[in-house]
Structures are given as structure tokens and as C-alpha cells.
Amino acid sequence: MIRAPRGTFDVLPDDAARRRTLEAHAERILGAAGYGQIETPTFEATELFARGVGEATDIVRKEMYTFDDGGGRSLTLRPEGTAPVCRAYIEHGMHKLPQPVKLWYLSSFFRAEAPQRGRYRQFWQVGAEAIGSAAPETDAELIVLLADLLGAVGAKGVRLRLSSLGTPETRAEYREELKLYLHARESRLSEDVRERIDQNPLRAFDATDPGTRDVMREAPLLLDRLDPQDAAHFAQVRELLDTGGVGYEIDPSLVRGLDYYTRTVFEFESDVLGAQSGVGGGGRYDGLMEELDGPATPACGFAAGVERMLLAAGEPPAPPDHVDLFIALAKPNGAGTGFELSRAARRAGLSAQLELAGRSLKGQLKHADRIGARYVAIVGDDGHVSLKDMESGQQRELDAADVVQAVRKP
Ligand code: AMP
């Protein structure tokens, strides 16, 4: 038997229904805030992610599905959505539009991670990007929109962690300070952290081994080193959240796995998710557009995992599909009338299903009950129909041409 690749999954109809509901919430919540939907290609030039996400990140170092397109160009299945949206912003000259340009997406992403519950190699994210605004209101609004989405989806046990990474200059100085601190304590660090002190010292905050964690408890914090403008920006974001009644905890060790963040970073976690607790996160990336050869443009965004949101919601069973009419065939030669009846019903805006499995009449009625049909039209061989109201059990004879009208008026 050929199976789906490790870390991937099929979306079966019940699941598809839950996903559609989630997408409808995203469209409603983000659309109401002025976000328009964007879809970028599934693969992009590898360089976009190497530059946009950062060479030193886990994503670029070991998680990308990269291939040669046969013509000597290196392409990569998109591991995240922000760099592609920025690429599209630059490519389509969106800086000429009224700013900020607000975009959202629901797309699949690809990362070669070790699969486990809530962590897949192909997964979906709802993301939103507000490009062209430096205002702290933008950061706060994105956080509130994601909180609203999580609330609408019914995600349980949600907590918000918040921090600021400052500007690249502050961060560079702080990185040097942190490197010195880590080098002075190398023997107590895990091998992985030790090897990357010079490349990416901030990742030491993400480490889970006791030795490194011990060292990090005393480590200098970037939040204590923010320059006055960054500190003011962060204070305003917090104030807006406080006023809006959005609970959060300041977590100075919050490091997102992507290099492009500046100033605000945030992450929503859910207690019910276990090891992979992040449901969605994001932050400000004021330097990314320039990194991609675009005009200097401040921007902020988030991405939330569709599967994680559904897991955090406890995946309630999808409501049964609404079926107005099931067309049962008393005899197989009633198919012509039944076929036409199903088309007429659908044209009239009803949902109608035709018996397709050659079941006995008893079997067909059982099936109609199972799928929750309101009415069953039992088509006889003379073009006459017996219409059964499945709720009351009442049955009456009528002409095939009158069935749609009868079902329309309950
Ligand atoms: P990130 O871009 O890594 O910040 O991811 C944003 C969100 O996408 C996370 O909070 C998760 O909900 C989701 N996510 C990231 N990686 C995966 C994955 N491998 N499988 C499923 N969901 C993921």
C-alpha cells in the first residue's frame, strides 16, 4: 500500500468542514479590519527565504524542501508566509498604494521537522501582514485580531506572551554582550547552543536542557537594553492591550524562530496542546523589506497554525451536512425521473442527494436518516413520487414536478 509521506495528512470531508468554518471566521474577522486576501505561489526562489528568514535559523539550516527546477535555479517549497508576501508587495509596487497595505492568507507551508502531534511537514497557516505602518496601534491591532480569531474558533487554554526585540542596532550590541556571557560559561551549555553562540546566541533562550537553562536564568536581557524609542513603542503596545482588556505576560526570553523580527514579538500558546504549544505568533519586521531589496517599510504580522487552532479547540464534531432532499428509487428504472428531480432541486437552491449505491428501499431510507435528510422522495416507476417528511414521518403522493415546491415550503 502506498501511504501519504511521513508528517503529511489527508483532509477528509469532516475535517474539511471544520477548516471551512475556521476560514470563514478568519475572513470575517480580518476582512472587517480591512485585510484583503492574498495567495502567493507554493514555491519561491530559495534566496527569498535564505535572505528573508535568515541563514542562521533552523528553518533555513535544516527544514526547507529545496530542489533544482531542472534549469539550474534553486526553488523551495514555502516554509512561511511573510517573506513571500513582502516579495509580492515589492514586485507589485504596493508601496504606491495607501499605507498600510493589509493582507491575509490561508495557505499550506512545508517544513522538514520531526513529525509529532501538532507538528507536520505540510501544514496550514492563517496569516496577516500590515505593511507600511510603524504605529504601535498596528502591533496591538494584529494581536487583538489573532485573539479574536482564537476566540471565534474556540481555542482553549490560550495564553499570550509578549516581548520586544528592539532595533537591529540595539540587538547587535546586546548580541555581543550575550555572546561574551555565553562564552564565559561554555562548559555548562548544551552542544547545540555552544556550537551556535556566535551565529545565533539568542536561541540559547529556547534551549530545554537543564545546564543551558540554568545559565540563561542569570543572562542579560534585551528588554533591559532597549533604546528609548523602542521602549516607548513597547510601552504603547502594552497600554493599548491593557486598555483593550487583552491579558498577556511579558516574557523577555521570547525568541521567535525567524531572524527578521524587530521591536514587538508575541506568541499565543495553548495549555491543551502539549509539547507543541504555540498556536500562533508574530511581530514587527521593520527591516525585512529592505533586506529583500524593497523600499524601507515598517511592517507587522502574525501566523497561526490551522491544525493547532483546531486541536486547541478540541475539534468538536462537525455539524451534519444539511440535506433538504434525498431521492430514493423504489425500482432501479426510476433513475431517470430521480436524476432530473435532483437537478431541479439543486437549481432551486436546495441540497439534494440521489441514491447512487443500488440499496434496497429500506436501506435507502436508513441512509437518508443517517445523513439527516429533511425529506425523502421515493420515486416510483410511473413518474409518481411519494414524499416522506422525515421529522413527522408523514408521507404523501404527488407528481414529480411538484416535489421541489413541497420541499421548499416546510
Ligand atoms: P512560525 O512561523 O514558526 O511562528 O509558526 C506559526 C504557527 O504555525 C505556530 O504557532 C504553529 O501554530 C504553526 N506551525 C508552525 N510549524 C508547524 C508545523 N510544523 N506543523 C504544524 N503547525 C505548525
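**Backbone features, helix packing and cavities**

In this predicted model, Arg 263 is found in strand β9, which spans residues 262–270. The backbone at Arg 263 has a positive phi of about 55°, although Arg 263 is not a glycine. Most residues other than glycine have a negative phi, and most peptide bonds are trans. A second backbone feature concerns the peptide bond between Gln 99 and Pro 100, which is cis, with an omega of about -5°. Pro 100 has its place in the loop between α4 (82–91) and β5.

Helix packing was examined next, beginning with helix α5 (residues 136–153) and helix α9 (residues 228–243), which pack at an angle of about 40° with their axes 9 Å apart. Because angles under 35 degrees count as roughly parallel and those from 65 to 115 as roughly perpendicular, the angle of about 40° makes α5 oblique to α9. The crossing of these two helices, α5 and α9, is right-handed. On the side of α5, the contact is made by Pro 136, Glu 137, Asp 139, Ala 140, Ile 143 and Val 144, while α9 contributes His 233, Gln 236, Val 237, Leu 240 and Leu 241. Sorted by class, the residues of the contact of α5 with α9 comprise seven nonpolar, two polar and two charged.

Helix α5 also packs with helix α1 (residues 13–32), at an angle of about 145° and with the axes 10 Å apart. Here, too, the crossing is described by its hand, and α1 passes α5 in a right-handed crossing. From α1, the residues that make the contact are Leu 22, His 25, Ala 26, Arg 28, Ile 29 and Leu 30, and from α5 they are Leu 145, Asp 148, Leu 149, Ala 152 and Val 153. The contact of α1 with α5 divides into eight nonpolar residues, one polar residue and two charged residues.

The interior was then searched for enclosed space. Rolling a probe the size of a water molecule over the atoms shows where empty space is left. The count comes to two cavities of 30 Å³ or more, and the largest cavity has a volume of about 60 Å³. The lining of the largest cavity is formed by Ser 163, Ser 164, Leu 165, Tyr 174, Leu 202, Phe 205, Leu 222, Leu 223, Pro 252, Ser 253, Leu 254 and Val 255. By class, this lining of the largest cavity holds nine nonpolar and three polar residues, with no charged residues.

The second largest cavity encloses about 40 Å³ of space, and its lining consists of Ile 38, Thr 40, Arg 78, Gly 81, Val 85, Tyr 105, Ser 107 and Phe 109. Strand β5 (residues 101–110) gives the most to the lining of the second largest cavity, with three residues. In terms of class, the lining of the second largest cavity has four nonpolar residues, three polar residues and one charged residue.

Technical notes: Residues numbered from 1 in each chain as written. Predicted model: local features only at pLDDT ≥ 70, side-chain atom pairs only at ≥ 80, totals over all residues. Heavy atoms only, no water. 1 Å grid on protein atoms, 1.4 Å probe; cavity = no way out; pocket = protein on both sides within 12 Å on 5 of 7 lines; lining within 4 Å. Points joined across faces, edges and corners; volume = space filled by probe spheres on them. Nonpolar A, V, L, I, M, F, W, Y, C, P; charged D, E, K, R; others polar. Helix = DSSP H or I, 4+ residues; strand = E, 2+ residues; numbered from the N terminus. Axes fitted to C-alpha atoms, helices over the stretch in contact; angles between N-to-C directions. Parallel < 35°, antiparallel > 145°, perpendicular 65-115°, else oblique. Left-handed = near helix turned anticlockwise from the far one by under 90°. Contact = heavy atoms within 4.5 Å.
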